[in-house]
Amino acid sequence: MAIDFTLTPGQRELQLASRAFARDVLSSARPVYEKLPTPEERFLATKPAYEAMVAAGFLRKCIPAPAGGENAGLIDMAIMAEELYSVNASITLTMLGTVLGLLPILIGGTPEQCGRLLEPFLRKSGAPLAGFCSSEPGGSANAASPPPGEGVRTTAKLHDDHWVINGRKKWVSSATGWDRKGADVLCVVCRTGAETRPETSVSIIAVERPTPGIMFERAIDAIGHRGHLTPQFGFENVRAPRRNLIGEEGGGLALSSASFTGTAALVGIFGVALMRAAFEFSLNFALTERRGGIHPIIEHQAVGYALADAKMKIEAARYLSWRACHAVDTQNPAADELAIQAKIYGSEMAVTVITDLMRVVGIDSYDNELPFGELLQDALALPIFDGGNMGIRRRQLHTMLKRREYDPLLASGAA
Ligand SMILES: Cc1cc2nc3c(=O)[nH]c(=O)nc-3n(C[C@H](O)[C@H](O)[C@H](O)COP(=O)(O)OP(=O)(O)OC[C@H]3O[C@@H](n4cnc5c(N)ncnc54)[C@H](O)[C@@H]3O)c2cc1C
């Protein structure tokens, strides 16, 4: 493989189209919802911008061509996500959370399931939502725990030709939809087997709207992603046809883990997007502000060095994430390792770099008129969502390192 980070003409076009959409549509979305008092009101106020995103074809660009979409791979998604997320993390997460909700179907679904369940997401109209229902009240870092750990608590039992699902979920992006009645499709991680070993008793079942039994409890008033919906809700005897089992019965944990590999590489890019927005503001501030002194503050060595350090970390995070995306696209054996590293590095760098850049700008960065408050609030989610870096992601790396066959040079291609 040649090492060449030059974008193809198609990728450059995608980058410019995403940048233009972010500037023309997303940049004006936040003032519409930011002052609204409840998370649900804020989420509802993002619907026109989300509809515009769908109409512009961005959701289709996340669905692979064999499934009827226009996605050419994870690197293309990363290029697009960086542009959109750097301008509005909330609405971009609503779209990418929907893609996460479809991933089990895209990875493990039959042609019949893909054709039937993906159809609303391939149109360039409406505001279709999907959710990946893994997290539960009481924690989900140990979903793979054997007894006496509880692991996954939500259950599905077969009655005639239907699964009947009971349990509670929390933090699932857009799961209760625009009206509390449920997203168009929910991929539910649940226990289907009577036996207790998680590797063989957890499955993923697709629940289609409309269905009775989605019990909205509350919309979490999260620290960041203020225009995005993460509800807590229950399944009370929710029915899904038997044919909506995605992949093998008992194969749910493996399918979850496969779904989360690609998203890990993208979370690295989310970090890049937020750092990049903070950097652009800070550089301009340093070039133009004298703060009562003689020279623009960039002339002070301490300021220049801090900006240089920040830029270096942004570049490093971007290329590690692109490398991870490429490894996922090419089914490289080091894809899991690189994706998790990109997730941990990009997410933790984002919190560090945004905080460092606030010190460059100084006290005015603490004014909500400036972008730092929102960027930092959004960044704080990155190390703890999509599998928290402590409870899940580092544990996955630790497990790899302990394997006898682990090869430290695999990720460099020099094994
Ligand atoms: C904006 C946003 C969107 C989200 N969207 C979704 C979604 O669409 N679908 C979804 O399912 N979830 C979603 N989540 C939840 C998110 O993915 C969490 O990462 C996930 O719930 C796991 O959280 P956790 O690792 O903190 O686990 P928890 O089980 O809550 O663990 C808490 C802490 O306990 C410690 N811990 C627990 N077990 C171990 C262990 N074995 N080893 C070491 N430490 C341990 C760690 O310190 C860990 O951080 C979202 C969250 C946010 C903020």
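**Core.** I began with the largest nonpolar core of this predicted model. The core counts 118 residues. Ala81, Ile205, Leu274 and Ile354 have the most contacts inside it. I then asked which element supplies the largest share of this core. Helix α10, residues 252-288, does, with 17 residues.

I took Ile354 from that list and looked up its contacts, leaving out residues up to four places away in sequence. Ile354 touches Leu274, Met275 and Ala278. The rest of its contacts are Phe372, Leu375, Leu376 and Ala379.

**Helix α1.** I looked next at α1, which runs over residues 9-24 and has 16 residues. From first C-alpha to last, α1 reaches 22 Å, close to the 22 Å expected at 1.5 Å a residue. Which residues of α1 are buried? I found Leu14, Ser18, Phe21 and Ala22. Viewed down the axis of α1, the buried residues fall within an arc of 100 degrees, so they line one face of the helix. The spacing fits the general rule: an α-helix has 3.6 residues a turn, so residues three or four places apart point the same way. On the other side of α1 I noted the exposed residues Pro9, Arg12, Glu13, Leu16, Ala20, Arg23 and Asp24. I also checked what covers the buried residues of α1, and α5 (74-85) is included in the cover.

**Ligand shell.** I listed the residues around the ligand and got 28. Those that come nearest are Ser134, Ser135, Gly139, Gly388 and Gly391. Three elements give two or more residues to this shell: α6 (89-108), β1 (130-133) and α14 (389-402). Which of them gives the most? It is α14, with four residues. I sorted the shell by class and found twelve nonpolar, 14 polar and two charged residues.

**Val188.** I looked up Val188, which sits in strand β4, residues 185-191. Val188 counts as buried because it has 29 C-beta neighbours inside 10 Å, where 20 or more are needed. Beyond four places in sequence, Val188 touches Cys133, Thr154, Ile165, Ile204, Ile205 and Val207. Ile205 is also one of the residues with the most contacts inside the largest core. I checked the distance from Val188 to Ser135 as well: C-alpha to C-alpha they are 9.8 Å apart in space, and 53 residues apart in sequence. Ser135 is among the residues that come nearest to the ligand.

**Ile214.** Ile214 is in strand β6, residues 214-219. I asked why Ile214 is classed as buried. The class holds because 24 other C-beta atoms lie within 10 Å of Ile214. Not counting residues up to four places away in sequence, Ile214 touches Thr176, Lys181, Gly182, Phe233, Phe235 and Val238. Ile214 and Ala183 are 31 residues apart in sequence, with 9.8 Å between their C-alpha atoms.

**Arg290.** I located Arg290 in the loop between α10 and α11 (301-329). Is Arg290 buried or exposed? Arg290 counts as exposed because it has 10 C-beta neighbours inside 10 Å, and the limit for that class is 12 or fewer. Leaving aside neighbours within four places in sequence, I found Arg290 in contact with His295, Pro296 and Ile297.

**Backbone checks.** Most residues other than glycine have a negative phi, and most peptide bonds are trans. I noted the following departures.

- The peptide bond from Pro147 to Pro148 is cis, with omega near 10 degrees. I placed Pro148 in the loop between β1 and β2 (155-159).
- The bond from Arg209 to Pro210 is also cis, with omega near -5 degrees. Pro210 lies in the loop between β5 (202-208) and β6.
- Arg180 is not a glycine, yet has a positive phi of about 70 degrees. I found Arg180 in the loop between β3 (162-170) and β4. Arg180 is partly exposed, because 15 other C-beta atoms lie within 10 Å.
- His225 has a positive phi too, near 45 degrees. His225 is in the loop between β6 and β7 (231-241). I logged His225 as buried because it has 26 C-beta neighbours inside 10 Å.

Note on methods:
Residues numbered from 1 in each chain as written. Predicted model: local features only at pLDDT ≥ 70, side-chain atom pairs only at ≥ 80, totals over all residues. Core = buried A, V, L, I, M, F, W, Y, C linked by C-beta atoms within 7 Å. Contact = placed C-beta atoms within 7 Å. Expected span 1.5 Å × (residues − 1). Arc of directions from axis to C-beta. Near = placed C-beta within 6 Å. Nonpolar A, V, L, I, M, F, W, Y, C, P; charged D, E, K, R; others polar.
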